[in-house]
Amino acid sequence: MQPLIAIVEDDRRVRTATASLLRAAGHASEGFASAEDFLADDPGRFACVISDVQMPGRSGLELLGLLAARGGPPVILMTAFPDPRLERQARAGGALDVLEKPCDPERMLASLQRALG
């Protein structure tokens, strides 16, 4: 069975564009409008999570912390507001990568390949 990628992003356009990129690269994905929606599902069925950092409700960093504490799937974060402190915090929390929006498709797919390793 093909690994399933979760896209956790409150902006529907970004969620749809990310899903289209993944589909074009041969990956299956499922989108969620919030960390809460994702957590209400079964996070264990996903091979990787691609999440926005800034969202209403729980942030991507909070989601990263929860998943890391549960031994969850690898997490790639996206942000429209890159900041070295944020990147250090994300990497210290276990993020596989921190991508700047708009995300470079090749970098996102390379990070995803590392996550699926």
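Modeller: Before we start, buried here means under 20% relative accessible area. Also keep in mind that this is a predicted model.

Colleague: Okay, so are Lys101 and Asp52, the pair whose side chains meet in a salt bridge, buried or exposed?
Modeller: Their side chains come together at 3.2 Å, N to O. Lys101 sits in the loop between strand E5 (97-100) and H5, while Asp52 is in strand E3, so the bridge ties together parts that are 49 residues apart in sequence. As for accessibility, Lys101 and Asp52 are both buried.

Colleague: Which residue meets Arg45 in a salt bridge?
Modeller: Arg45 is in the loop between H2 and E3, and its partner is in strand E2, 15 residues apart from it. Arg45 counts as partly exposed because its relative accessibility is 37%. The partner is partly exposed too, with a relative accessible area of 26%. At 2.7 Å, N to O, the residue that Arg45 meets is Glu30.

Colleague: What about Asp97, buried or exposed?
Modeller: Asp97 makes a salt bridge with Arg91, at 3.0 Å, N to O. Arg91 counts as partly exposed, since its relative accessibility is 36%. Asp97 has a relative accessible area of 3%, and the cut-off is under 20%, so Asp97 is buried.

Colleague: Which residues are linked with Arg91 and Asp97 in a network of salt bridges?
Modeller: The structure holds nine salt bridges. The Arg91 and Asp97 pair is one you've just met. Linked with them in the network are Glu87, Arg107 and Arg114.

Colleague: Let's move to helix H1. How far apart are its end C-alpha atoms?
Modeller: H1 covers residues 12-24, which makes 13 residues. The expected span takes 1.5 Å times one less than the number of residues, so H1 should span 18 Å. The model agrees, with the end C-alpha atoms apart by 18 Å.

Colleague: Within what arc do the buried residues of H1 fall?
Modeller: The buried ones are Arg15, Thr18, Ala19 and Leu22. Looking down the helix axis, they line one face of H1, because they fall within an arc of 100 degrees.

Colleague: And which residues are exposed on the other side of H1?
Modeller: The buried residues have cover that includes strand E1 (4-8), strand E2 (28-32), strand E3 (48-52), strand E4 (75-79) and helix H5 (105-116). On the other side of H1, the exposed residues are Arg13 and Ala24.

Colleague: What happens at the start of H1, and which residue's side-chain oxygen reaches the backbone nitrogen of Arg13?
Modeller: The oxygen comes to within 2.9 Å of that nitrogen. Past the helix, H1 is followed by Gly26, whose phi is positive, near 90 degrees. Back at the start, the side-chain oxygen belongs to Asp11.

Colleague: Now the largest nonpolar core. Which element gives the largest share of it?
Modeller: This core has 21 residues, and Val8, Phe38, Val49, Leu61, Leu63 and Leu77 touch the most other members. Two or more residues come from each of E1, helix H2 (35-40), helix H3 (60-69), E4 and helix H4 (84-92). The largest share, four residues, comes from H3.

Colleague: How many residues are in the other core that lies apart from it?
Modeller: Its members include Ile7, Ala19, Leu112 and Ala115. Ala19 is also one of the buried residues of H1. In total, this other core has 12 residues.

How values were computed. Residues are numbered from 1 along each chain as its sequence is written. This is a predicted model: local features need pLDDT of at least 70, side-chain atom pairs count only at pLDDT 80 or more; totals for chains, interfaces and linings use all residues. Side-chain values use heavy atoms; hydrogens and water are left out. Buried means under 20% relative accessible area, exposed over 50%, partly exposed in between (1.4 Å probe, protein chains only). The arc is that of the directions from the helix axis to the C-beta atoms. Contact means heavy atoms within 4.5 Å. A polar contact is a pair of N or O atoms within 3.5 Å; within protein, one must be able to donate a hydrogen and the other to accept it, and residues adjacent in sequence count only if both atoms are side-chain atoms. A nonpolar core is a set of buried Ala, Val, Leu, Ile, Met, Phe, Trp, Tyr and Cys residues joined through side-chain atoms within 4.5 Å. A salt bridge is a side-chain nitrogen of Lys or Arg within 4 Å of a carboxyl oxygen of Asp or Glu.
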